[in-house]
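Q: Hi! I have just been handed this structure and would love a friendly walk through it. Could you help?

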Amino acid sequence: MPNRCIRPGDNPDLTKERETCTFDTDELAANLYGSRRNLERRREISQKVSADPDFADPIPHEFLSREKAVDATAKKSKVIFQKWKNLVKPEEMPHLVNEAVGIQGFPLALHHAMFLPSLNSQADDDLAAEILPRAKAYEIIGTYAQTEMGHGTNLRELETTATYDKTTQEFVINTPTRKAMKWWPGNLGKMSNYAVVCCQLIIDGKNLGPHNFLVQLRCEKTHEPLPGITVGDIGPKIAYNTTDNGFLALDNVRIPRRQMLMKHAKVSPDGTYTPPIHAKLNYGAMVHVRAHMIYSHGHLLARAAAVATRYSAVRRQGRIENGGPEVQILDYQTQQHRIFPQIARAYAILFAGQEVRDQYAKTLEGIANGQADLLPDLHALTSGLKSVVTFMGGLGIEQCRMSCGGHGYSDASGLPKLYGVQIGGCTYEGENMVMLQQTARYLMKGVKWAEQGKSLSPSIAYLGKKSGKSLIGLKGGDITREHEAILETLEHTARRLAIDASQLWEKRIKGGECKERAWNGVTVEMNRASRVYTRLFMARSFHRRLLSSPSSIRSVLSDLFSLYLHYECVDMAQHLLEDGHCNGGQIQYLKKRLYEDLTTLRPNAVSLVDSFEISDRELNSVLGRRDGNVYEALFQWAKQSELNYTDVLPAVKNYMMPMMEENRSKL
Ligand SMILES: CC(C)(COP(=O)(O)OP(=O)(O)OC[C@H]1O[C@@H](n2cnc3c(N)ncnc32)[C@H](O)[C@@H]1OP(=O)(O)O)[C@@H](O)C(=O)NCCC(=O)NCCSC(=O)CCCCCCCCCCCCCCC(=O)O
Ligand SMILES: Cc1cc2nc3c(=O)[nH]c(=O)nc-3n(C[C@H](O)[C@H](O)[C@H](O)COP(=O)(O)OP(=O)(O)OC[C@H]3O[C@@H](n4cnc5c(N)ncnc54)[C@H](O)[C@@H]3O)c2cc1C
């Protein structure tokens, strides 16, 4: 079957891998990206970016100082948002940005991810009409300033205030303490001249909780901070170093009343407050990012899997049989066990990410029509997915990095940077442990609704079902039935963990603890239930995708899904065994099946990552390059190190040589 990546001059091992492909890589890529047309557009954009001299990098970013890297990124961003703006559709923009500037952030990242979405979904018609056209035309750059030095997770305790002054019909925005400074918002430090700032709304001395306000931070002509505004960059981080995450203090800055984002909650000129139809609609920008970041995190893991798989196909080290040739490291079972589950998880995350984006769009439609009834389900799902996917992705990328041995530790592999970017997601948009508890709150309600025989939304319908015995390993050789048996077992486990957590919670309450303290005593179990609920959703979403896939890719997707299910079950074996639903023999069966899957997938491994359709420029990895010619490329990459500009460094001349000389003269 055709693998469309084969080219003359490629590393022969990689070509051989591609020749064993049993499916059409373009078919799978088109399925992943939604259509043939989308795939072609993706390629077109990659090719045009590579050919555009405005995007050329004289030396790789890895060798630049932070300031120079920020500069290069800003320069390219200007090209994207002026020259390229009308050449791509909004949904193609993330790909264009990844291709052109990379993954460490760019001056308009938060403008797109949170500033525009906040204004779109929370500004009233008047404010939207005034500010949105300017923001969309990039006349201004904005960000989303919520987190403070002292509080990020617990929004109710944010300290920044917006106090309404009826006499002037203005809000007075103030940072009362050092730890109330906004701290962390992306692009706040240097790039943005506006921000949506989250503040406690105070009217007549009454605190009405966190609300969002549009605040101008810098002069539109000079870009100098406006009076009363202290703003700057918080310094280098693990990654995202081309993003100016910033600090901000506001000293009684006055803004007009209409700059409160008042689509849902409103303050009238006389100070009358009207609450929103759902208390948490002010938190909408966070739900927006959580709903979209799942897909982008799937892509980060896909890149790592592509690097590790291709490199493992060209790297030869050691022998499996005495006297045999040195083998491709991809032939080691341990290597396959490290990498193949990451390929499967990347696909699973991408599929789930696409489903949740659709669910988000439906929820927004409802809200626009005055109905927020889909929001709780979406909030629970996005909170769970955000947490599970970022953690899974981080572990997966680290496995891929280690699987590349020493070269995986080099920035040339692209993997350290991927890891740094990925793990940011465990923290931003709500720390994972905290967001899993949001999911658990919903599950606890679901358990009660199920007991009361109430109807349940599709994502928690399993809570209302009855368990039979696990049929894993007992359903004969039919793969379709095996998939169903495993999904039913996962449903049972997710249900059992939620019910157990609910009972543990109730027991503590009956034992005399207040609800909240009792909750804190069972949160590890609550979060377990949330994770398994999320992993069940991911498995179901993968299954839906498999069932709706065209016959030309059904077989390879089925193999991948088998591996995914077997790996997840072995990984969660403790939960499957704990209540005796599965027995030791069934876990052994799942392990045996998993090892068989590794062998089945081996001939298609390279082709499966080729179908991610990530260009060399986007992958930015010497080890993962499509042609597999890594060794020469590694040397060329290293030669660009600034330490190699001269043969004898000043550091050596000034310190090491005199030291050696002095020591020699002592002899
Ligand atoms: C939710 C909190 C933890 C707690 O909030 P509260 O104390 O106010 O509420 P309660 O816990 O008491 O809950 C009450 C009730 O409300 C429900 N609830 C809570 N939140 C929501 C919600 N959002 N929606 C709906 N319902 C909600 C809750 O379940 C309860 O219900 P019940 O009573 O029925 O049980 C809150 O404090 C919180 O959210 N904390 C976390 C803070 C946080 O997330 N901060 C984020 C700051 S911004 C940030 O980090 C930005 C990072 C950006 C990085 C960008 C990188 C690029 C990403 C790429 C992808 C994006 C691409 C976009 C592309 C595009 O647009 O095109
Ligand atoms: C790369 C990056 C980009 C960011 N971008 C932005 C941005 O653009 N705009 C913005 O406003 N913010 C941004 N942030 C801030 C981010 O949203 C917060 O850091 C995040 O929400 C976590 O809050 P925190 O820092 O207060 O963590 P903390 O809450 O202090 O977490 C510390 C520990 O306490 C635990 N903990 C806290 N509360 C509870 C609880 N109730 N139950 C159990 N455990 C708990 C956590 O699980 C964690 O282990 C960014 C952060 C990063 C890393």
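Q: How many bridges hold β7 and β8 together, and in which sense do they pair?
A: Five bridges, in the antiparallel sense. One place to look is Gly232, which stands opposite Phe247 in β8. Keep in mind that this is a predicted model.

Q: Which other strand is β8 joined to by bridges?
A: That would be β4: two bridges join it to β8, and these two strands run antiparallel. For the residues involved, Lys182 has Leu248 of β8 as its bridge partner, and Trp183 has Phe247.

Q: So what is the order of the strands in that sheet?
A: The order is β4-β8-β7, an open sheet of three strands with antiparallel pairing. The edges are β4 and β7 (229-233), each of which pairs on one side only.

Q: Is β8 mostly covered or uncovered?
A: Mostly covered: five of its five residues are buried. In a regular strand, side chains alternate between the two faces of the sheet. In β8, Gly246, Leu248 and Leu250 are on one side, Phe247 and Ala249 are on the other, and all of them are buried, so both faces are covered.

Q: Changing topic: where does UniProt place the "binding site" feature?
A: The unreviewed UniProt entry places it at Thr147 and Gly186. They span 40 residues in sequence, yet their C-alpha atoms are no more than 10.5 Å apart, so they gather at one spot.

Q: Where is Thr147, and what does it touch?
A: Thr147 is in the loop between β1 (142-145) and β2 (161-165). Leaving out residues up to four places away in sequence, Thr147 touches Gly152, Lys182, Trp183, Trp184 and Pro185. We met Lys182 and Trp183 above as bridge partners of Leu248 and Phe247.

Q: And where is Gly186?
A: Gly186 is in the loop between β4 (182-183) and β5 (194-203). Again leaving out residues up to four places away in sequence, Gly186 touches Gly105, Ala109, Leu110, Thr143, Thr243 and Asn245.

Q: Of those two, what is the exposure of each?
A: Gly186 is buried, because 25 other C-beta atoms lie within 10 Å. Thr147 has 19 other C-beta atoms within 10 Å, so it is partly exposed. The cut-off for buried is 20 or more.

Q: Which domains is the chain divided into?
A: Domain 1 (142-276) and domain 2 (280-460 + 479-628). Their centres, taken over C-alpha atoms, are separated by 35 Å.

Q: How many residues of each domain are in contact with the other?
A: 11 residues of domain 1 are in contact with 10 residues of domain 2. On the domain 1 side, strand β6 (residues 206-216) gives the most, with three residues. By class, that side of domain 1 has seven nonpolar, four polar and no charged residues.

Q: There is a ligand too. How many residues surround ligand 1, and which are the closest?
A: 30 residues surround ligand 1, and the closest are Lys280, Tyr283, His379, Tyr428 and Gly430. The shell divides into 14 nonpolar, 12 polar and four charged residues.

Q: Where does ligand 1 lie relative to the two domains?
A: Ligand 1 lies between domain 1 and domain 2, because both give residues to its shell.

Q: Which helices supply at least two residues of that shell?
A: Those are α6 (109-122), α8 (284-314), α10 (375-403) and α13 (432-451). The largest share, six residues, comes from α8.

Q: Another topic: which residues other than glycine have a positive phi?
A: Among them are Gln169, with phi near 55°, and Asn252, with phi near 45°. Gln169 is in the loop between β2 and β3 (170-174), and Asn252 is in the loop between β8 (246-250) and β9 (253-256).

Q: How exposed are Gln169 and Asn252?
A: Gln169 is partly exposed, with 15 other C-beta atoms within 10 Å. Asn252 is exposed, because 11 other C-beta atoms lie within 10 Å.

Q: Last one: what does UniProt say about residues 483-661?
A: The unreviewed entry annotates them as "domain: Acyl-CoA oxidase C-terminal". In the model, that span is 76% helix and 0% strand, and its end C-alpha atoms lie 71 Å apart.

Definitions and conventions. Residues numbered from 1 in each chain as written. Chains lettered and ligands numbered in written order. Predicted model: local features only at pLDDT ≥ 70, side-chain atom pairs only at ≥ 80, totals over all residues. Near = placed C-beta within 6 Å. Helix = DSSP H or I, 4+ residues; strand = E, 2+ residues; numbered from the N terminus. Nonpolar A, V, L, I, M, F, W, Y, C, P; charged D, E, K, R; others polar. Domains from an automatic or database assignment. Contact = placed C-beta atoms within 7 Å. UniProt positions renumbered as here; feature names shortened; annotations may be inferred. Buried ≥ 20, exposed ≤ 12 C-beta atoms within 10 Å, placed from the backbone. Pairing = 2+ DSSP bridges.
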